[in-house]
Amino acid sequence: MNIPLSDNIDWIGCVDWTVRDFHGYDTPRGSTYNAYLLRDEKTALVDTVRAPFAQQLLANLASLTDFGQVDFVVCNHAEPDHAGALPQVMARMPQATLVCDKKCAATLAGHADTSSWKLRLVGNGERISLGRRSLQFLETPMLHWPESMFTYVPEEALLFSMDAFGQHYATAERFDDQTDFATLMEEAKTYYANIIMPYGKAVLAALEKIAALPVRTIATSHGVLWRKHIEKITAAYGDWAAHHCRPKVLVIYDSMWGSTAAMAEAILDGANQPGVAAGLIPIRQSNLTRIATEVLDAAAVAFGSATLNRSLMPMAAAALSYLQGLRPPNKVAAAFGAYGWGRGGPEAVDEALRAMDWEILREPIRAHYRPTPEVLDQCRQLGRLLAERAMAMAGKAECSDDSAREER
Ligand code: FEO
């Protein structure tokens, strides 16, 4: 179904009601792949969809215009959830010119045979007129790939923001004022934490770029579009990108026979102080997506693992590896865990926490087989210390990511 945004500007994307695993990201509410059609003197398709949805996109487009009428296909981002359908789209409209930046063209050529496509490379600030309206391209490198780009329609104050401000959120509604706001912000935060978090500097640069532009609608590539709460979502992005933390203590752990769990409970007990949000995350009863989202705005983290095969528990290793990739800065932390006839769990956690440049408050707390009352007392003291530090740190900002570090 197509949804009009404005006069002859339509959402023609696809709702993915069934996806629950988006390359490892848990998506309990599904997702959408948003694409848009602008019909003016010239016609432009902005972004496409994941390859299995190509025929649905083409049918949506065909209900509004002939394939032969499409002059431009804009690719804001080369990741396959938005560009996967491009080969099928370009095959149906060979007269159309693919519009993207130089890095995007190179990435697309790595994914597909683009040799027969007409190509127009655009740079930051460049414009293409469609007639009454125009497309202006704003390069937003590392938000969250090197080739990422926004497309702005000045005459409509409309911003196509690709992944930025998006959510994995399948709904029948297309706009922010039609959905439950708390759910929408929860999904936007989850999306930020799991996709955008390592690129805070790129986010701040993009926010600065669009601050000078009138924007009435932010048309994202996932989830619902923003038209009522634009200030709220851009302010939230500013906050997350600056790594503002809350007075929040997370106790994340994996236990084998209950000893590490008892230590976690004691840390939580100590962290439960007035004004502090303290929470427990048993890793195997949670998931990596939720852990990253909770860590995003936490000031303090206690991370525990029992010892298994002279190292840490496998799901604890997965959580730490995931966090190391996302690299949330500006945390205080400490390791804890139990061991028996072999050592290794809490030590491996400590090493991983230090590798993230978090401030480590103390050497790991260890319990030999079962935590003694003395060890549980150390845990409660750690919880109190983490709570004190979380209160002191809340509201302070630090942005120390390296947005140019990698391509995914
Ligand atoms: Fe939704 Fe980076 O792709």
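User: What does the side chain of threonine 307 have to do with the backbone oxygen of alanine 338?

Analyst: A polar atom of that threonine 307 side chain sits 2.9 Å from the backbone oxygen of alanine 338. Keep in mind that this is a predicted model. The cut-off for a polar contact is 3.5 Å, and 2.9 Å falls within it, so the pair with alanine 338 counts. The threonine 307 side chain also has a polar atom 2.9 Å from the backbone nitrogen of glycine 345.

User: Why is threonine 307 called buried?

Analyst: Buried means under 20% relative accessible area. Threonine 307 comes in at 12%, so it gets the label. As for its place in the fold, threonine 307 belongs to strand E20.

User: Which residues lie nearest the centre of the largest pocket?

Analyst: They are Met256, Trp257, Thr307, Tyr339 and Gly340, out of 17 lining residues. The volume of this pocket is about 360 Å³. Helix H8 (259-271), strand E20 (307-308) and strand E22 (332-339) each put at least two residues into the lining.

User: What makes up the lining of the largest pocket by class?

Analyst: Eight nonpolar, seven polar and two charged residues. One thing to watch if you tally them yourself: Gly goes with the polar group, while Tyr and Trp go with the nonpolar one.

User: Why is strand E17 said to be largely enclosed by the rest of the structure?

Analyst: Seven of the nine residues in E17 (residues 246-254) are buried, so the strand is largely enclosed.

User: How do you know that E17 pairs with strand E19, and in what sense?

Analyst: Pairing takes at least two bridges. E17 and E19 (residues 298-305) have seven, and they run in the parallel sense. Leucine 250, for instance, stands opposite valine 301 in E19.

User: How many bridges join E17 to strand E18?

Analyst: Six, again with the strands parallel, and E18 covers residues 277-282. With at least two needed, six bridges are enough, so E17 and E18 count as paired. Among the partners in E18, alanine 277 goes with lysine 248, and proline 282 stands opposite tyrosine 253.

User: What do E17, H8 and E18 make together?

Analyst: A β-α-β unit, and a right-handed one. Right-handed here is about the path: with the strands pointing away from you, going from the first strand over the helix to the second runs clockwise.

User: What makes asparagine 287 a cap for H9?

Analyst: A side-chain oxygen of asparagine 287 lies 3.1 Å from the backbone nitrogen of threonine 289, at the N-terminal end of the helix. That distance is within the 3.5 Å limit, so it passes as a polar contact. Within H9 (residues 288-296), the buried residues are Thr289, Ile291, Ala292, Thr293, Val295 and Leu296.

User: Is threonine 151 buried or exposed, and how do you know?

Analyst: Its relative accessible area is 0%, so threonine 151 is buried. This residue lies in strand E14 (residues 149-153), and its side chain makes a polar contact of 2.7 Å with the side chain of asparagine 76.

User: And alanine 211, buried or exposed?

Analyst: Exposed means over 50%. Alanine 211 has 63% relative accessibility, so it counts as exposed. You'll find alanine 211 in helix H6 (residues 200-211).

User: What is notable about phi of methionine 142?

Analyst: Phi is near 65°, which is positive, and the residue is not a glycine. Most residues other than glycine have a negative phi, so a positive value goes against the usual pattern. Methionine 142 is in the loop between E13 and E14, and at 8% relative accessibility it counts as buried.

User: Which way round is the peptide bond from leucine 143 to histidine 144, cis or trans?

Analyst: It is cis, with omega near 5°. Most peptide bonds are trans. Histidine 144 lies in the loop between strand E13 (134-139) and E14.

User: Why is histidine 23 called partly exposed?

Analyst: The partly exposed range lies between the 20% and 50% cut-offs. Histidine 23 has 47% relative accessibility, so that is where it falls. Histidine 23 also has a positive phi of about 35° without being a glycine, and it is found in the loop between strand E4 (21-22) and strand E5 (25-26).

Key:
Residues numbered from 1 in each chain as written. Predicted model: local features only at pLDDT ≥ 70, side-chain atom pairs only at ≥ 80, totals over all residues. Heavy atoms only, no water. Buried < 20%, exposed > 50% of the residue type's maximum accessible area, 1.4 Å probe, protein only. Helix = DSSP H or I, 4+ residues; strand = E, 2+ residues; numbered from the N terminus. Polar contact = N/O pair within 3.5 Å; in protein donor to acceptor, adjacent residues only side chain to side chain. 1 Å grid on protein atoms, 1.4 Å probe; cavity = no way out; pocket = protein on both sides within 12 Å on 5 of 7 lines; lining within 4 Å. Points joined across faces, edges and corners; volume = space filled by probe spheres on them.
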